[in-house]
Amino acid sequence: MRRRGCSFSSQRPLLLQLGDMVTRQALKGRETAALLRGIFKGSPCSQRSGVLRRLQVYKHCVPLVESGDLHLGKVSEIIGLLMLEARQLPGHALAELANLFVDVIKGGSLTNGKSLELFSTVLTALASSKENLVYGKGELNGEEFKKQLINTLCSSKWDPRCVIHLANMFRDIPLSGEELQFVVEKILRMFSRLDLQEIPPLVYQLLLLSAKGSKKTVLDGIISFFNQLDKRQKEEQKVPQSVDLEVATMPLDQLRHVEGTVILHIVSVINLDQDLGEELIRHLKTEQQKDPGRALCPFSVALLLSVAVKHRLQEQIFDFLKTSITRSCKDMQFLQASKFLQDLFPQQYDITAVILEVVKNRQLDARKAAVAGFLLLLRNFKVLGSLSSSQCSQAIGATQVQADVHACYNSAANEAFCLEILGSLRRCLSQQADVRLMLYEGFYDVLRRNSQLASSIMETLLSQIKQYYLPQPDLLPPLKLEGCIMAQGDQIFLQEPLAHLLCCIQHCLAWYKSTVRLCQGDEDDEEEEDVGFEQNFEDMLESVTRRMIKSELEDFELDKSADFSLSSGVGVKNNIYAIQVMGICEVLIEYNFKIGNFSKNKFEDVLGLFTCYSKLSEILREKAGKNKSGLSNKTARSFLSMGFVSTLLTALFRDNAQSHEESLAVLRSSTEFLRYAVSVALQKVQQLEETGQTDGPDGQNPEKMFQNLCKITQVLLWRYTSIPTIVEDSGKKKGKSISLLCLEGLLRIFNTVQQLYSARIPQFLQALDITDGDAEETDINVTEKAAFQIRQFQRSLVNQLSSAEDDFNAKETQSLITVLSTLSKLLDPASQQFLQFLTWTVKVCKENALEDISCCKGLLSLLFSVHVLYKSPVGLLRELAQDIHACLGDIDQDIEVEGQCHFAIVNAKTAAPTVCLLVLGQVDKVLEEVDWLIKKLTSLGSDTSEDSTQASNQTQALEKGIILQLGTLLTVYHELVQTALPAGSCVDTLLRSLSKTYTILTSLIKHYIQACRSSSNTIPGRLEKLVKLSGSHLTPQCYSFITYVQNIHSESLSFVEEKKKKKKEGEAAAISTVMAKVLRETKPIPNLIFAIEQYEKFLIHLSKKSKVNLMQYMKLSTSRDFRINASVLDSALQEQNSEDAENEPHNDQSSTAEQTDENREPKKKRQRKK
């Protein structure tokens, strides 16, 4: 032993020299493999010295290949040879080598992870070793030793850089189920320590590893991780962030991109491993029973939808989602109706909302996503010398990506980074139109966030526009439109959105001149450098303006004879050309107006550009009229910015400066231009209402949009109230009057402000009241301000209603009513102003015999909506029902209805179906309220709480309210069921409403039956009066009305029978329609009869329980099921006889005529008998 020891110690210098030799050979790129083979050949594992030399080589080579000093090819060569020789090592050597790897991993010495390929081989060989190995104070076999090593490894700290390499390594090692669980859990714990972009490759390795097992753990870990990230991101959105640096730990777009990549990995692995998909569904079903919010988060729903796209699991997934949504909706309904449940489940998850969020956040195509990401980076990486956010006056939305930069950012590095990104984006300017469009819309925001990038951005835009700009001063047109389109086979596409490019240039140039140049100070060198592109742009825009005005439509290959249909390639091309030219004209209109400084010449140029625009607009409008396709009828979106529209309208209608009078007279002389300006304002407000933002600068800035809305409203309100439509002379020009357009714009603005800026309504109304502009915001009385505006529109409506028939404008009247309805929502129902408005509305309906259906409907709807906030409308409904009855007459022609008239708005043209259906609609709303109250009454009746006095008082109050409502409603029905309503919707709706009323009456009777069972209380006298009223004023009239309905339908059927006899060709369809209509309109009759009989049935029960004979008020009805109508029977028999006569061989025309006469007779009898 002593000799061996001496021999080993004497070999140590030799072993070190051996390692140095391997290093030198490897670094010089020489035959390292040959050297290693020689060493291994001279170091047999049968000798202890040979094992020691081999171990020394392994221990030296592992840090060598991880050092990064060797070429990858050399590293692979060394590792490959070491892996081949590793299996020859004895067990104790493998154990020592494995411990070495564990120490390397724990020490964070791994760089490229190539040595881990050797580690997997060592562990595999170790597991198959039969040798007993020393571990601590005991001994373990190879398999147990490997298990302890993996346990130790998974319990130790890992360098985040080596996680992916380790996950890949474990795929090559045989693992037991317990060992695999150790490994998977360790890798999942490492997710939180990695950068977001490192997650997808690690997930992919983990999914491949799951082929060995632990699929549930892998899926649960991935879903839980992204669920937590989603929650964190939502929490961060609620916290105010730094406006300047926009620091955020979780950029939304980056998170969505990573989630999308991970989902793609999971789907691809599921396509290879069907069991993984089955396990996903099983796991989510299990979790859904425990915690729906955890199981169905946005990530898991997106994953399920992605798996379902092209997979055999589609049906299972959709069934699961359907069940989840249904369950969630039911839960939410219970929660919304119960404060008790809300306290128990404060964070209940709405699965429907989760799914909608996933659908809205679907990924854009790769190129557009990349461009969006680049632009966001440019916006958020600050460059030294850029203007502050306050100078830029830009509001960043919560949905924008926030760059993860810290307080001590490196502005110089950021500038280099941004310039590199700009270089990449320049290459995107050769991509599809959507990609270019995204760039043009994003450059302006980038410029304002990073003003130091102005030169690079402006030079990029200048280079791009020069590709289409024709510099020759006399060449028409000034731009090459043919370069903007691309043909693929028979299809034509827009390649270059030229108008958007020019729009981007115009806005960037305007901002640069107004902001950057003013802030540059004495930096003469930079100023001289920037003047180049600035002067180029100004000269170019001036030349394009001049030549666009001179250009004729033929210069653009467009005229009235051109094909504009979307079904041909030529038509598509012409449409693209027309929209681009119109957009260019609008961009130049805004540019020349802004730089014109109220110059008469510039405004003449503006009008010249508008002339070109309007010619094309008129052609497209004419062509759209001929071609009824939906695409053709869509109006092209205006390129004017919202801020400019407010400036333009103010100048056109409200600028009284004497120095501006001559130049503005040029624009004001064109009624078409004035109409165009208001129309664009209407379009912008509509876009804001529908999307919450508008195109152009500050379009996503809520504060700027609100300010623009206030300015536009001021102008439109002044224009409409100053020059009413009746006064305005629209001449023979086509289109709506300017006043009517102003009114439509006001209506949209009032709706938009209430939807988007409800918290700013006081400031909005304050801005409209120029007489009280100095009032403090705390003193603003919304009701008073709204009432002031309401009075202006009330005067306009009265003027319309009192105008001559030829001057009456139904469209304007309808809009005025809608405006009043919208503004009335701002009034406090308890205020005097609200009562005054209600009184005025009632007066208008009583005094004006409106015959226009739309206006009548709007005015009555306004009356109901206001009246219901003041008190129950049942009294109002009774008066309207009496007017309908008086107007249409009684079902018994011998009865003359008293001519009492409450509301002039109810007349021969409006009574049916308009007013009748509106009254029945309001009656149904009252019935729904009564039904809800009865259910509340029932719940109070089942309440066994100690405070019986309070419950009793509340019960009595509810009972009184219910019976009063129903009693008045019965009088409403009393009038309607005696009215000679025309066949159709009125009859059908009334029959259904009556069925609903009897059902509710039955529910009330059931409540009292239950009350009689639980106590000895007698029924109240008011209920007895209600039953008496139903027996005297409703049920008998219902049966008479049923007979009336059957009569009018019998007449229709008789008409059909006559048509059948005459057998006219082409009338088969009309006959079928009439018969179907009769069947449809008589279908509610059996339901009504059943409802009446049920009501009477429970009245009998209540009479027995209460010992009060309620049936004394009810006239027992004749059973209608088996009633034989003699006239109908005679008619059927005679019809059969006539058909038999026609079938005889010697039937002539005279006999046919006789049969026809006979067929008519029963009809008369039927009418007389009924």
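In this predicted model, the largest nonpolar core holds 211 residues, and Leu461, Leu649, Phe793 and Leu1023 are the members that touch the most others. Helix α39 (residues 911-941) supplies the largest share of this core, with 14 residues. The surroundings of Leu461 give a good idea of how such a member sits: residues up to four places away in sequence aside, Leu461 touches Tyr440, Phe443, Leu501, Cys504, Ile505, Cys508 and Phe537. Another core lies apart from the largest one and comprises 78 residues, including Leu89, Ile105, Leu153 and Phe191. As general background, nonpolar side chains in soluble globular proteins tend to be buried together.

Attention can now turn to helix packing. A pair of packed helices is described by the angle between the two axes and by the distance separating those axes. For helix α32 (residues 738-756) and helix α35 (residues 810-824), the angle is about 25 degrees and the axes are 10 Å apart. Angles under 35 degrees count as roughly parallel, so α32 is roughly parallel to α35. The crossing in which α32 passes α35 is left-handed. On the α32 side, the contact is made by Leu740, Leu743, Glu744, Leu747, Phe750, Asn751 and Gln754. Helix α35 contributes Lys811, Glu812, Ser815, Leu816, Thr818, Val819, Thr822 and Leu823. Sorted by class, the residues in the contact of α32 with α35 are 7 nonpolar, 5 polar and 3 charged.

One of the α35 residues in this contact, Leu823, also appears among the neighbours of Gln789. Gln789 belongs to helix α34 (residues 782-801). With a relative accessible area of 1%, Gln789 is buried, since buried means under 20%. Beyond the residues within four places in sequence, the contacts of Gln789 are Leu717, Leu768, Asp769 and Leu823.

A second helix pair is formed by α8 (residues 163-170) and α10 (residues 199-209), which pack at an angle of about 15 degrees with their axes 9 Å apart. That angle makes α8 roughly parallel to α10. Here too the passage of α8 by α10 is a left-handed crossing. From α8, the residues making the contact are Val163, Ile164, Ala167, Asn168 and Phe170, and from α10 they are Pro201, Leu202, Gln205 and Leu209. The class make-up of the contact of α8 with α10 is 7 nonpolar and 2 polar residues, with no charged residue.

Two individual helix residues are worth a look for their partners far along the chain. Arg1022 lies in helix α42 (residues 1021-1033) and is partly exposed, at a relative accessible area of 35%. In sequence, Arg1022 and Ile963 are 59 residues apart, yet their C-alpha atoms are 7.1 Å apart in space. Ile963 is also in contact with Arg1022, as are Gln956 and Lys960, when neighbours within four places in sequence are left aside. Gly260, in helix α12 (residues 252-272), offers a second case. Gly260 and Pro200 are separated by 60 residues in sequence and by 9.2 Å in space, C-alpha to C-alpha. The relative accessible area of Gly260 is 21%, which makes this glycine partly exposed.

The backbone has some details of its own. Leu476 and Pro477 are joined by a cis peptide bond, with omega about -5 degrees; Pro477 sits in the loop between α23 (454-465) and β3 (485-488). Another cis peptide bond links Ala912 to Pro913, with omega about 5 degrees. Unlike Pro477 in its loop, Pro913 is placed in helix α39, the helix that gives the largest share of the largest nonpolar core.

Positive phi values in residues other than glycine complete the backbone survey. Glu557 has a phi near 60 degrees and lies in the loop between α25 (524-550) and α26 (569-596). Its relative accessible area is 54%, and Glu557 is therefore exposed, the cut-off for exposed being over 50%. Phe598 likewise has a positive phi, of about 60 degrees, without being a glycine. The loop that holds Phe598 runs between α26 and α27 (600-626). At 25% relative accessibility, Phe598 counts as partly exposed.

How values were computed. Residues numbered from 1 in each chain as written. Predicted model: local features only at pLDDT ≥ 70, side-chain atom pairs only at ≥ 80, totals over all residues. Heavy atoms only, no water. Axes fitted to C-alpha atoms, helices over the stretch in contact; angles between N-to-C directions. Helix = DSSP H or I, 4+ residues; strand = E, 2+ residues; numbered from the N terminus. Parallel < 35°, antiparallel > 145°, perpendicular 65-115°, else oblique. Left-handed = near helix turned anticlockwise from the far one by under 90°. Contact = heavy atoms within 4.5 Å. Nonpolar A, V, L, I, M, F, W, Y, C, P; charged D, E, K, R; others polar. Core = buried A, V, L, I, M, F, W, Y, C linked by side-chain atoms within 4.5 Å. Buried < 20%, exposed > 50% of the residue type's maximum accessible area, 1.4 Å probe, protein only.
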